[in-house]
Amino acid sequence: MNYVSVENISKSYGEVELFSNISFGINKDQKIAFIAKNGAGKTSMLNIIAGVSSPDTGQVICRKGLKIEYLSQVDVLDSTLTVEETIFNSDNATLKIIEEYEHALKDPSDEKAYQAAFEKMERLNAWDFETQYKQILFKLKLDNLDQKVSNLSGGQRKRLALAIILIHKPDLLILDEPTNHLDLEMIEWLENYFKKEKITLFMVTHDRYFLERVCDEIVELDNGGFYTYKGNYSNYLQKKEERIEQEQASIDKAKNLFKKELEWMRRQPKARTTKSKSRIDDFFVIKEEAHKRRNNHVVQLEIDMERMGSKILELHHISKSFGDLQILNKFEYVFKRGERIGIIGKNGTGKSSFLNIITQKIPVDSGKVVVGETIKFGYYTQNGIIIKPGQKVIEVIKEFGEYIPLTKGRKISAAQLLERFLFSRKRQYDFVEKLSGGEQKRLYLCAVLIQNPNFLILDEPTNDLDIVTLNVLENFLLDFPGCLLVVSHDRYFMDKIVDHLFVFRGDGVIEDFPGNYSDYRVYEDSKPMEEDTEPKKIDSTEKKVSKVKLSYNEKKEFDSIENEIEKLENQKIEIENLFTTGNLTGEEINELSIKLQEIKTSIETKEDRWLELSAKLEDEV
């Protein structure tokens with residue numbers, strides 16, 4: 001079933017033509033990835049398909065009644081609402097019923113309102129929907145539903161926008177870099193979610209493992225041509241290589257024919273017969289084909305890296321906390337020449353702070369950071385390039401010098417360097433503010449690398465870079481002879497360039513794992529499940545997350561039992577605190593001891609009941 005037909009669309013901005021006469025279709029249950037270089041118009045294409053903007057020519061025809069949701073790079077969330085209000089702020093009928101039910105739960109004394117809401121949930125069978133939306137919020141770490149959108153970080157806003165479109169379950173989901181601002185755990189969950197759900201996707205992403213495991217078709221805009229590849233990323237690489245070889249063979253053949261025809265043209269035949277005129281016309285077609293050049297640039301810089309001494313970087317029992325959040329606890333490590341270390345961990349575990357400590361941008365609480373005298377850091381941060389009004393691309397690089405030294409006494413000009421980093425001579429004289437987000441990141445990366453560092457520190461360098469640039473960066477880093485420390489959620493990138501990992505577990509725990517990311521995943525998946533020896537902690541994000549076929553009274557009991565356990569836990573703490581005062585008489589101690597034991601017994605009973613009901617729910621699924 002066809003959902004969307006894109007017919008001969010074109011888009012230009014001033015003299016810059018992004019694409020022309022592009023046609024393709026999106027069918028039900030297809031999972032399509034759109035690949036193109038930075039600045040080629042990927043976001044413009046998504047905006048046109050989503051109906052946010054219009055093409056200059058051509059049209060996009062959508063199936064009548066098609067529900068489309070679009071995750072763009074810039075969200076349109078209302079900052080005055082809370083997270084919960086934002087989720088329920090839609091015309092989705094099922095969400096409205098769930099909202100009523102949630103409000104009824106907050107006032108259990110109004111049994112009539114609760115029963116009415118419960119019956120609506122039963123009638124519309126909204127429990128499945130509630131289960132999935134709770135799971136989505138839980139996996140995307142959106143557990144504080146009362147938090148104002150205005151107080152969310154950029155990453156939290158992106159996750160909220162993603163959660164909303166997943167909850168709405170549209171017919172077609174259009175995604176612009178959905179894995180940005182997600183940690184590895186969230187990315188793997190989203191990957192599995194898309195794999196198992198019957199959902200239609202059209203997306204832009206640079207995450208090649210995501211492409212490999214989710215997509216069943218890839219469309220590519222390359223040097224003005226539009227190409228379709230059935231299958232995943234591995235198949236795309238193979239088929240693209242075959243296409244390029246065929247194109248090159250065609251160009252070589254055209255060159256040979258061009259030489260022959262050129263000799264004939266130079267003889268300037270006097271008789272312009274119909275046959276010779278046709279041959280002349282064909283000559284110009286052949287000439288155009290023969291002079292085609294693929295615009296693929298491969299970075300092959302041999303930067304004359306400054307010498308490294310015997311002492312590189314030493315971390316001696318360093319500790320760091322921000323309030324109650326501990327990110328380092330007496331961590332120690334001595335870096336060796338040529339080490340290539342990747343850093344992984346959940347968001348908020350201190351990965352970026354660790355890099356700032358190493359580069360001494362923030363101090364440690366205790367311990368010592370010792371940097372060797374010969375070490376020159378090249379630090380690529382998430383902040384990106386600082387744009388100066390009116391500054392041109394070439395001027396950014398020339399701030400570091402007109403020429404960059406290479407090995408064997410050679411040098412390269414700033415303009416030549418930019419060409420190697422995929423900026424044409426014409427593009428070099430564009431204003432920096434006109435560049436796409438990915439192009440600005442590429443320019444910033446270039447500016448860091450040409451400073452001739454011998455210790456590279458890269459904080460999420462793959463965000464907003466296209467796949468072509470990622471390959472360029474990977475090839476450069478594979479040849480880089482110095483030390484490398486990189487934070488990235490791009491699993492493909494990490495597998496290719498790092499030798500071992502620092503795994504940030506949280507609470508100051510850092511593990512040194514000897515291998516790349518795929519090795520680490522195999523290791524983690526092979527670990528035996530640990531026995532849960534403590535009573536199950538009841539999390540508000542986990543309640544009511546299974547298909548419910550309990551009776552009315554059982555459902556009501558299940559919904560209220562958590563609050564009762566919490567109250568008993570508070571009473572238990574109050575009594576235990578009284579024992580520490582030393583002001584109790586013998587009789588009071590006896591009375592409180594009896595009461596404390598009763599509370600503990602009650603807690604255990606209620607937890608057992610909660611687990612019993614919870615197990616019953618799981619059996620119903």
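User: Before we look at any pair of helices, which angles count as roughly parallel and which as roughly antiparallel?

Analyst: Angles under 35 degrees count as roughly parallel and those over 145 as roughly antiparallel. Please keep in mind that the model we are reading is predicted.

User: How are two packed helices described in general, and at what angle do the axes of H3 and H4 cross here?

Analyst: In general, two packed helices are described by the angle between their axes and the distance between the axes. In this structure, helix H3 (residues 93–106) and helix H4 (residues 111–123) have axes that come within 9 Å and cross at roughly 150°, and H3 and H4 are therefore roughly antiparallel to each other. The crossing of H3 and H4 is left-handed.

User: Which residues make the contact between H3 and H4?

Analyst: From H3 the contact takes Ile97, Ile98, Glu100, Tyr101, Ala104 and Leu105, and from H4 it takes Ala113, Tyr114, Ala117, Phe118, Lys120 and Met121. Sorted by character, the residues of this contact between H3 and H4 comprise 10 nonpolar, no polar and 2 charged.

User: Turning to the interior, how many residues does the largest nonpolar core have, and which of them have the most contacts inside it?

Analyst: The largest nonpolar core has 57 residues, and those with the most contacts inside it are Ile87, Leu140, Leu160, Leu166 and Phe194. Helix H6 (residues 154–168) gives the most to this core, contributing 8 residues. A second, separate core has 46 residues, among them Leu184, Phe423, Leu477 and Phe513.

User: What does Phe194 touch, leaving aside residues up to four places away in sequence?

Analyst: With those sequence neighbours not counted, Phe194 touches Lys31, Leu166, Leu173, Leu175, Ile199, Leu201, Phe210 and Val214.

User: What sign does phi have in most residues other than glycine, and where does Lys141 lie?

Analyst: Most residues other than glycine have a negative phi. Lys141, although not a glycine, has a positive phi of about 55°, and Lys141 lies in the loop between helix H5 (127–139) and H6. Asn452 likewise has a positive phi, near 60°, and its place is the loop between helix H14 (437–449) and strand S17 (455–459).

User: Is Asn452 buried or exposed, and how does Lys141 count?

Analyst: Asn452 has a relative accessible area of 11% and is therefore buried, since buried means under 20%. Lys141, at 33% relative accessibility, counts as partly exposed.

User: How far apart are Asn475 and Lys496 in sequence and in space?

Analyst: Asn475 and Lys496 are 21 residues apart in sequence and 9.5 Å apart in space, taken C-alpha to C-alpha. Asn475 itself sits in helix H15 (residues 467–479) and is partly exposed, with a relative accessible area of 31%.

Methods:
Residues numbered from 1 in each chain as written. Predicted model: local features only at pLDDT ≥ 70, side-chain atom pairs only at ≥ 80, totals over all residues. Heavy atoms only, no water. Core = buried A, V, L, I, M, F, W, Y, C linked by side-chain atoms within 4.5 Å. Buried < 20%, exposed > 50% of the residue type's maximum accessible area, 1.4 Å probe, protein only. Helix = DSSP H or I, 4+ residues; strand = E, 2+ residues; numbered from the N terminus. Contact = heavy atoms within 4.5 Å. Axes fitted to C-alpha atoms, helices over the stretch in contact; angles between N-to-C directions. Parallel < 35°, antiparallel > 145°, perpendicular 65-115°, else oblique. Left-handed = near helix turned anticlockwise from the far one by under 90°. Nonpolar A, V, L, I, M, F, W, Y, C, P; charged D, E, K, R; others polar.
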